[in-house]
Structures are given as C-alpha cells and as structure tokens.
Amino acid sequence: MLADLGRILNPALNIVDALVGQAGMEWGNGEGLGRVVDGLVAGDQVIATDACVMNLMGLDPRADWGTEPFHRDRNSLLVAAEAGFGTVDLDAIDFESEVAPQPEGTFFAVMTDSAGTNVTWRRTMCEQALYYHEHRREFEQYAGEYILLQDGVVRWHSPAGTIRESRRVLAGEHPDHAMWFKLVDPAEAEGEHYEVYQRALAHLAELV
C-alpha cells in the first residue's frame, strides 16, 4: 500500500524532519525511545529520499522481511524499487550529508512476537490468499464486502472495511494463524497478484 501511494502521489519535494526521531515503536506502552539526530533531509524522489533517511538511521535500505527493522512486514521501499519506482541503491542516488549515519542499534524496532510466530503468520497468510484464489466461488456471498479469512473460514466481514475489534481476538483459538484481508470482488477488478504469495511461500521453504 505504501509503495502504491508513493507511485500515485509521486511528490516532487520530500522533506523529512529528522531533528528528533524515535526508536522501538511509534506508540503503545511507552516503549518508544527518543533519539536526537539534528537532521533535516530533502529530496526530489520519495523512495530515494527515504532510503537515504534509513541509511542515516544506521539501517540498510535494502533489508527486507525477517531482518531489522522488518520483523513482520516487508520493506515498502524495496517493494517499490522492485516494481521500478525509485531505488534503494545508495550508489545510484546523488546524496550528500553533513550528518553522519547513526551507530548500528540506535534505531530499531521492538519485536512484539517471536520469529517463529512471524514466520507462521507469513506462511498462513500466503496459504489463505491461495485458498481464496482456488475457492473464489465459495465466497461470492460476501461480494462487495471485506473479509478476514483464516484457515478457510471467514472470521469477520463488513462492507465498510473498518475493523473495530482486535485481530488477536478475532483470531480465536489460533492466534498464530494469519487472517488475510480481502475485498471480495468476483470480477477481480482489483487485480490481485497471487503469484506474489507463491513466491513468498517458496522463499519460506528455502529458509527451513
């Protein structure tokens, strides 16, 4: 979604207020830790600008799921670059800075769940996407609605798409099994790329 928003808006001027940053997490339980950087970053391409910011944070803009700080999600900058929008290759960016990169470990993401749980979430999410693809007709009763699909069962559905209950509660007896969020569109005008889930499963198999 973030990669899509970047491509749609494609801002010509991107300014990052990096005077003060935060490590750990953005919200919740007071676990975010303030970091004084005294930096101000500006660029004319949104992905390249954020890649430079990641570098100044002491993080690798080429990193992806399973590595710091992407414990649960893919690197949206890398996703955009892989699709041909922007770059995360610092050697390909005209980048100058008066601020030195932060030491490794200054910025990090709190791992709220174990690595094993994150792997299981990713695997079961891909499996649910492919299950939906293979059994689309079974879900036509929810046409025009958003669903959360877990283990082949619709755990939640709504035409508005606003989830007001915790996913951890909705997951019920299998909190380590992902729920796949999908707009049920029998015509598939959305253009879901199911091959992405197949590639992700193949990547997980390589890790075992």
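Let me begin with one pair of side chains: Arg74 forms a salt bridge with Asp64, and their closest N and O atoms are 2.7 Å apart, where a salt bridge is a side-chain nitrogen of Lys or Arg within 4 Å of a carboxyl oxygen of Asp or Glu. The two partners are ten residues apart, and both Arg74 and Asp64 sit in the loop between H2 and H3, with helices (H or I, at least four residues) and strands (E, at least two) taken as DSSP runs numbered from the N terminus.

Before going on, I should say that this is a predicted model, in which local features need pLDDT of at least 70 and side-chain atom pairs count only at pLDDT 80 or more, while totals for chains, interfaces and linings use all residues. Residues are numbered from 1 along each chain as its sequence is written, and side-chain values use heavy atoms, with hydrogens and water left out.

Arg74 also meets the side chain of Glu82 in a salt bridge, at 3.1 Å from N to O. Arg74 counts as partly exposed because its relative accessibility is 30%, given that buried means under 20% relative accessible area, exposed over 50% and partly exposed in between, with a 1.4 Å probe and protein chains only. Glu82, at 52%, is exposed.

The structure holds ten salt bridges, and another of them joins Asp113 to Arg168, with the closest N and O atoms 2.9 Å apart. This pair links distant parts of the chain, since Asp113 lies in the loop between H3 and H4 and Arg168 in helix H5, 55 residues apart. Asp113 is buried, at 14%, whereas Arg168 is partly exposed, at 49%. Lys182, Glu188, Glu190 and Glu192 are linked in a network of salt bridges.

Turning to the interior, the largest nonpolar core has 19 residues, and Ile47 and Val88 have the most contacts inside it; such a core is a set of buried Ala, Val, Leu, Ile, Met, Phe, Trp, Tyr and Cys residues joined through side-chain atoms within 4.5 Å. Helices H2 (46-56) and H3 (76-82) each supply at least two of its residues, and H2 gives the most, with six. A second, separate core of 14 residues includes Phe139, Tyr142, Val154 and Tyr194.

Finally, the buried residues of H4, among them Trp121 and Leu130, pack against strand S3 (146-150), helix H5 (167-170), strand S5 (180-183) and helix H6 (195-207), a contact being heavy atoms within 4.5 Å.
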